[in-house]
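Visitor: Could you walk me through this one? I'd like to start with the cysteines and then see where that leads.

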Amino acid sequence: MTQLFFRLFILAVLGIAALPGCYYDNEEDLFGGSDSNCDTTNVTFAADVNPIIISRCYQCHENGAEGGGIILASYAQIKPWIDNGRLIGSIKQLAGFSPMPKSASKIPDCEINTIEAWINSGYPDN
């Protein structure tokens with residue numbers, strides 16, 4: 001009986017120890033995100049938006065081969081996706097839009113807010 005109790009005790013301890021390994025969270029949730037440091041004033045395409053597009057989208061959308069024919073390599077190629085609302089809908093992963101980036105975590109809220117602020121300011125090409 002003592003040996004059975006000991007085995008059950010060990011199984012219970014191991015089970016409890018394994019629980020934290022099943023908890024998923026992202027850096028923004030754990031550390032409050034970078035929204036407090038996210039400056040979305042005076043956002044420009046060249047300085048703020050294009051670097052996000054290059055770092056987050058070019059892997060699949062530089063030449064369109066992997067990105068379903070959607071090329072985001074220049075302002076002129078990005079503009080139609082802003083005009084029809086698909087860029088912001090996809091990066092915000094809204095219902096009815098293809099969530100981007102595919103097979104990867106959602107881009108940080110600050111970057112989404114930066115792109116959205118630029119779009120809301122009329123998305124000037126500068």
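Guide: What follows is a talk about the cysteines, one histidine and a pair of helices, and the model under discussion is a predicted one.

Visitor: Okay, how many disulfides are there?

Guide: The count comes to one disulfide, and the bond joins Cys 38 to Cys 110, with an S to S distance of 2.1 Å.

Visitor: And where do Cys 38 and Cys 110 sit in the chain?

Guide: They link distant parts of the chain, 72 residues apart: Cys 38 is in the loop between α2 (27-31) and α3 (45-61), whereas Cys 110 belongs to helix α6, which covers residues 109-120.

Visitor: Which hand does the disulfide have, and why?

Guide: The disulfide is right-handed, because the torsion about the S-S bond of Cys 38 and Cys 110 is about 90 degrees.

Visitor: Are those two buried or exposed?

Guide: Cys 38 has a relative accessible area of 15%, so it counts as buried, and Cys 110 is buried as well, with a value of 17%.

Visitor: What about Cys 57, why is there no bond from its sulfur to Cys 60?

Guide: The closest cysteine sulfur to that of Cys 57 is the one in Cys 60, and at 9.0 Å the separation is too far for a bond. Cys 60 is likewise in no disulfide.

Visitor: And how accessible are Cys 57 and Cys 60?

Guide: Cys 57 is buried, with a relative accessible area of 14%, whereas Cys 60 is partly exposed, with a relative accessible area of 30%.

Visitor: Switching topic, where is His 61, and is it buried or exposed?

Guide: His 61 lies in helix α3, and at 9% relative accessibility this histidine counts as buried.

Visitor: Which residues is His 61 in contact with?

Guide: If neighbours within four places in sequence are left aside, His 61 is in contact with Gly 67, Ile 70, Ile 71, Leu 72, Ala 73 and Met 100.

Visitor: Back to the helices, at what angle do α3 and α6 cross?

Guide: Their axes come within 10 Å and cross at roughly 130 degrees, which makes α3 oblique to α6. The crossing of these two helices, α3 and α6, is left-handed.

Visitor: Which residues make that contact, and of what class?

Guide: From α3 the contact takes Phe 45, Asp 48, Val 49, Ile 52, Ile 53 and Arg 56, while α6 brings Glu 111, Thr 114, Ile 115 and Trp 118. By class, the contact of α3 with α6 has six nonpolar residues, three charged ones and one polar.

Key:
Residues are numbered from 1 along each chain as its sequence is written. This is a predicted model: local features need pLDDT of at least 70, side-chain atom pairs count only at pLDDT 80 or more; totals for chains, interfaces and linings use all residues. Side-chain values use heavy atoms; hydrogens and water are left out. A disulfide is a pair of cysteine sulfur atoms within 2.5 Å. Helices (H or I, at least four residues) and strands (E, at least two) are DSSP runs, numbered from the N terminus. Buried means under 20% relative accessible area, exposed over 50%, partly exposed in between (1.4 Å probe, protein chains only). Contact means heavy atoms within 4.5 Å. Axes are lines fitted to C-alpha atoms, for helices over the stretch in contact, and angles run from 0 to 180 degrees between N-to-C directions. Angles under 35 degrees count as roughly parallel, over 145 as roughly antiparallel, 65 to 115 as roughly perpendicular and the rest as oblique. A crossing is left-handed if the near helix is turned anticlockwise from the far one by less than a right angle, and right-handed if clockwise. Ala, Val, Leu, Ile, Met, Phe, Trp, Tyr, Cys and Pro count as nonpolar, Asp, Glu, Lys and Arg as charged, and the others, Gly among them, as polar.
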